[in-house]
Amino acid sequence: MFMKRTDNNLLTKWWLGVDKVVLFAVLGFIVFGALMVCSTGPYAAQRARLDELFYIKKMLVYIPVGIVSLFVLSFMKIKWLRYGAWTLFLILLPSLFVALAFPETKGARRWITLPGVFKIQPSEFFKPIFALVVAMILSRIKELHNREVPVWQNKRERNYILLLLGIFGLVILALSLQKDLGMTLTYTVIFFAEVFVAGLSWKWILVLFGLGITGLACAFKFMPHVVRRLTAFHEGSYQLDMSLKAIGESGILFGGSGNNIKKLIPDVHTDFIFAGIVENFGPVIATLIVASFFSVILHILGDVYQKNNKFIVYSVVGIVSYLTFQITINLSSTLGIIPTKGMTLPFISYGGSSFVSSCIAIGIILSLLQDQNLRR
């Protein structure tokens, strides 16, 4: 595109300021993900006794919504993100509790069912909003902090700390009531990643780590489906066995033995899509896809650490931390390293709420990483 810095129109400013590495890499992931859903979706639909194109048709709706959300958010100024985050926070936080009134799915109450067959998982959309709100509060705490005055004597700083802990506690309470251990861990990762970057001492980190271990122990006691997953992991499960077989029998390049094992994996279009990637393209291409994910993450972190704005740094670290956590958990579950957690592979797995939420996250990152001087 022949655009000059002297041009003042919005599109030119956006194009000159946007991180094109992140933008085109994510668009590439989306295209690859669409191909994988086309490859694995019909098998999952057959197992569920649905139209073979059921998941493909739904994904064709989610993809435009996600891409539009990504681009719209990437155009936003920081002040718009701040105002919008608080507004959506006040809307979406109650929805975490509203989800408790709907039927349980796979041991958790995390979905809100709208008229027809349309379902929304509020906790997915709330993740980037939570990261922004925590970043805003932390940046304000840093501004108010005075080394010469103890925290308990600095009333304004103390109040913001209590607000931060109250919000975190309320969100964790809602997710615990939903019995969604995976999402509880995800939000904990967001919170601790941002707090750590903000300068929390190791003493407090160890205390909070101990509280986290206690929370996991409670999960094993009060969440039966967590125990079932651990038992299945220990004793072996059909889905994991088929996943490992598909991976183990794949050729080095471009596919496996021709047995089409992926059609035997119930969640091959969602949680176990990496097994489908390996069987279709071989471990070399699959490894390159994973390496591309982490290369983009390192690129984003390299960009954000050049920023002086604490809100930008904390927000991007929070969002990147949960995307990294999600990718790691998904791959580890598929490879049988840890028990399954029901987490999708961002941009590649089938899933409306997860896909659109990931696009929103990247749109926010693109907005935050832009050169603000170009957008004035």
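Here a visitor and a guide talk through a predicted model, one question at a time.

Visitor: Let's start in the middle. Which residues touch the most other members of the largest nonpolar core?

Guide: Welcome to this predicted model! The largest nonpolar core holds 101 residues. The two that touch the most other members of that core are Phe126 and Phe130.

Visitor: Which residues does Phe126 touch, not counting those up to four places away in sequence?

Guide: With the residues up to four places away set aside, there is a leucine group of Leu92, Leu93 and Leu96. The rest of the list is Phe89, Val171 and Tyr187.

Visitor: Now a helix. What distance should the 28 residues of helix α2 span, and how far apart are its end C-alpha atoms?

Guide: Helix α2 covers residues 20–47, and each residue adds 1.5 Å, so the expected span is 40 Å. The end C-alpha atoms agree with that, as they are 40 Å apart.

Visitor: Where does α2 bend, and which proline follows?

Guide: The bend in α2 is about 40°, and it is found at Thr40. Within four residues of Thr40 comes the proline, Pro42.

Visitor: Which residue caps the N-terminal end of α2?

Guide: Look at the backbone nitrogen of Val21, which has a side-chain oxygen 3.1 Å away. The residue that supplies this oxygen, and so caps the N-terminal end of α2, is Asp19.

Visitor: Which residue just after α2 takes a positive phi?

Guide: Step just past α2 and you come to a residue with a phi of about 60°. That residue is Arg49.

Visitor: On to charges. How many salt bridges does the structure hold?

Guide: Side chains of opposite charge can pair when their charged atoms come close. Lys57 and Asp51 make one such salt bridge, at 3.1 Å from N to O. The number of salt bridges in the structure is 5.

Visitor: Are Lys57 and Asp51 buried, exposed or partly exposed?

Guide: Partly exposed means between 20% and 50% relative accessible area. Lys57 has 48%, and Asp51 has 42%. Therefore Lys57 counts as partly exposed, and Asp51 is also partly exposed.

Visitor: What separates Glu124 and Lys127 along helix α5?

Guide: The side chains of Glu124 and Lys127 meet in a salt bridge, 2.9 Å from N to O. An α-helix has 3.6 residues a turn, so residues three or four places apart point the same way. Because Glu124 and Lys127 are 3 residues apart in helix α5, their separation is about one helical turn.

Visitor: Are Glu124 and Lys127 buried or exposed?

Guide: The cut-off for buried is under 20% relative accessible area. Glu124 is at 8%, while Lys127 is at 2%. So Glu124 counts as buried, and Lys127 likewise counts as buried.

Visitor: Glu143 and Arg140 also meet in a salt bridge. Which of them is exposed, and which is partly exposed?

Guide: Exposed means over 50% relative accessible area. At 57%, Glu143 is exposed. The partner at 25%, and therefore partly exposed, is Arg140.

Visitor: Last stop, helix α12. Is Gln326 buried or exposed, and which residues is it in contact with beyond four places in sequence?

Guide: Gln326 is found in helix α12. Its relative accessibility is 4%, so Gln326 counts as buried. Leaving aside neighbours within four places, the contacts of Gln326 are Lys127, Met343, Thr344, Pro346 and Ser354.

Technical notes:
Residues are numbered from 1 along each chain as its sequence is written. This is a predicted model: local features need pLDDT of at least 70, side-chain atom pairs count only at pLDDT 80 or more; totals for chains, interfaces and linings use all residues. Side-chain values use heavy atoms; hydrogens and water are left out. A nonpolar core is a set of buried Ala, Val, Leu, Ile, Met, Phe, Trp, Tyr and Cys residues joined through side-chain atoms within 4.5 Å. Buried means under 20% relative accessible area, exposed over 50%, partly exposed in between (1.4 Å probe, protein chains only). Contact means heavy atoms within 4.5 Å. Helices (H or I, at least four residues) and strands (E, at least two) are DSSP runs, numbered from the N terminus. The expected span of a helix is 1.5 Å times one less than its number of residues. The bend at a residue is the angle between axes fitted to the seven residues ending there and the seven starting there. A polar contact is a pair of N or O atoms within 3.5 Å; within protein, one must be able to donate a hydrogen and the other to accept it, and residues adjacent in sequence count only if both atoms are side-chain atoms. A salt bridge is a side-chain nitrogen of Lys or Arg within 4 Å of a carboxyl oxygen of Asp or Glu.
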